[in-house]
Amino acid sequence: MLKEDCNNMLEQFCSHLDFFHKITSEDKNTIGQYLKYRSVKEGEILIEENKIANEIFFVWNGVLKIASVSDKGNDVIHFFFGENHFCTILKSFTENTVSPDIVQAACDTDIIVLERTKIESLIKDLIYFKP
């Protein structure tokens with residue numbers, strides 16, 4: 001991914017966060033150090049079934065979906081998350097438990113990845129990130 005794209009993603013991400021708390025330029029730089037940027041292909045699984053969700057994704061471009069397999073073996077789509085939305089298996093992430101669901105790219109998608117350990121460190125640096 002190009003550096004310019006990463007900078008644009010960071011700006012969009014911080015603009016989204018501005019709705020909750022004003023983000024200073026200094027804080028944007030701090031936040032940027034904790035983020036990973038990824039391009040994922042359609043069908044790529046980001047959180048696997050029966051695994052713990054240790055990441056939160058911010059969709060910059062594209063669509064992610066949360067899905068599972070029914071008892072009859074059919075794919076069931078629960079939610080779609082488009083641009084400027086966060087996506088994870090929230091119960092798995094907050095309770096540190098395995099998830100019966102998956103997070104998957106519904107099309108080619110550019111995302112910002114926030115890892116659990118990075119979020120915990122970010123909270124120490126920017127106290128207003130604490131839930």
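# Exercises on a predicted structure

Of the 34 residues in the largest nonpolar core, F13, I31, F57, L64 and V103 are the ones that touch the most other members. Keep in mind that the model is predicted. The exercises below start from this core and work outwards.

## Exercise 1: The core and its suppliers

Find out which helices and strands each supply at least two residues of the core.

**Solution.** Step one: recall the best-connected members, F13, I31, F57, L64 and V103, which touch the most other members among the 34 residues. Step two: look at the elements. At least two residues each come from α1, β2 (45-47), β4, β5 (64-69), β9 (102-105), β10 (109-115) and α4 (116-125). Step three: put this beside a general tendency: in soluble globular proteins, nonpolar side chains tend to be buried together.

## Exercise 2: L64, buried or exposed?

Decide whether L64 is buried or exposed, then work out how far its C-alpha atom is from that of I23.

**Solution.** Step one: locate L64, which sits in strand β5. Step two: take its relative accessible area, 0%. Buried means under 20%, so L64 is buried. Step three: compare sequence and space. L64 and I23 are 41 residues apart along the chain, and 26 Å separates their C-alpha atoms.

## Exercise 3: An aromatic cluster around F13

Describe how the rings of F13, F58 and F86 are arranged.

**Solution.** Begin with the whole structure, where a search finds four aromatic pairs. In one of them, the ring centres of F13 and F58 are 5.1 Å apart and the planes stand at 80°, so this pair is edge-to-face. The partners come from distant parts of the chain: F13 belongs to helix α1 (residues 3-17) and F58 to strand β4 (residues 55-61), with their positions 45 residues apart.

Next, check how accessible the two rings' residues are. F13 has 1% relative accessibility and counts as buried; F58, at 0%, counts as buried too.

Now turn to F86. F13 and F86 also form an edge-to-face pair, with 5.9 Å from centre to centre and 70° between the planes. This pair again links distant parts of the chain, since F13 is in helix α1 and F86 is in strand β7 (residues 86-87), 73 residues apart. F86 has 31% relative accessibility, so it counts as partly exposed.

Finally, combine the pairs: F13, F58 and F86 form one aromatic cluster. Leaving out residues up to four places away in sequence, F13 touches I31, L35, F58, F86, I112 and L114.

## Exercise 4: Reading the sheet

In what order do the four strands of the open sheet lie, and which strands stand at the edges?

**Solution.** Step one: write the order, β1-β10-β4-β7, with antiparallel pairing. Step two: find the ends. β1 (36-40) and β7 each have a single partner strand, so one side of each lacks a neighbour in the sheet. Step three: zoom in on β4 and β7, which pair in the antiparallel sense over two bridges. Here two residues of the last exercise return, as F58 has F86 in β7 as its bridge partner. Step four: add the helix. α4 packs on the sheet and touches β4 and β10, and its direction makes about 60° with that of β10.

## Exercise 5: Two unusual asparagines

Locate N84 and N96, and say what sets their phi values apart.

**Solution.** Start from the background: most residues other than glycine have a negative phi. N84 is not a glycine, yet its phi is positive, about 65°. N96 has a positive phi as well, near 55°, and is also a residue other than glycine. For the locations, N84 lies in the loop between β6 (75-81) and β7, while N96 lies in the loop between α3 (90-95) and β8 (98-99). As for accessibility, N84 counts as partly exposed at 30%, and N96 counts as partly exposed at 44%.

## Exercise 6: A loop residue and a charge over a ring

Which residues does E48 contact beyond its neighbours within four places in sequence, and which residue lies over the face of F93?

**Solution.** First place E48 in the loop between β2 and β3 (51-52). At 46% relative accessibility, E48 counts as partly exposed. Its contacts beyond those neighbours are S99, D101 and I102. E48 and V103 are 55 residues apart in sequence, with a C-alpha to C-alpha distance of 6.9 Å. For the second part, R116 lies over the face of F93, 4.4 Å from the ring centre.

Technical notes:
Residues are numbered from 1 along each chain as its sequence is written. Side-chain values use heavy atoms; hydrogens and water are left out. Rings of Phe, Tyr and Trp (its six-membered ring) pair if their centres lie within 6.5 Å; planes under 30 degrees apart count as stacked, over 60 as edge-to-face and the rest as tilted. Buried means under 20% relative accessible area, exposed over 50%, partly exposed in between (1.4 Å probe, protein chains only). A charge sits over a ring if NZ of Lys or CZ of Arg is within 6 Å of the ring centre and within 35 degrees of the ring normal. A nonpolar core is a set of buried Ala, Val, Leu, Ile, Met, Phe, Trp, Tyr and Cys residues joined through side-chain atoms within 4.5 Å. Contact means heavy atoms within 4.5 Å. Two strands pair if DSSP finds at least two bridges between them. Axes are lines fitted to C-alpha atoms, for helices over the stretch in contact, and angles run from 0 to 180 degrees between N-to-C directions.
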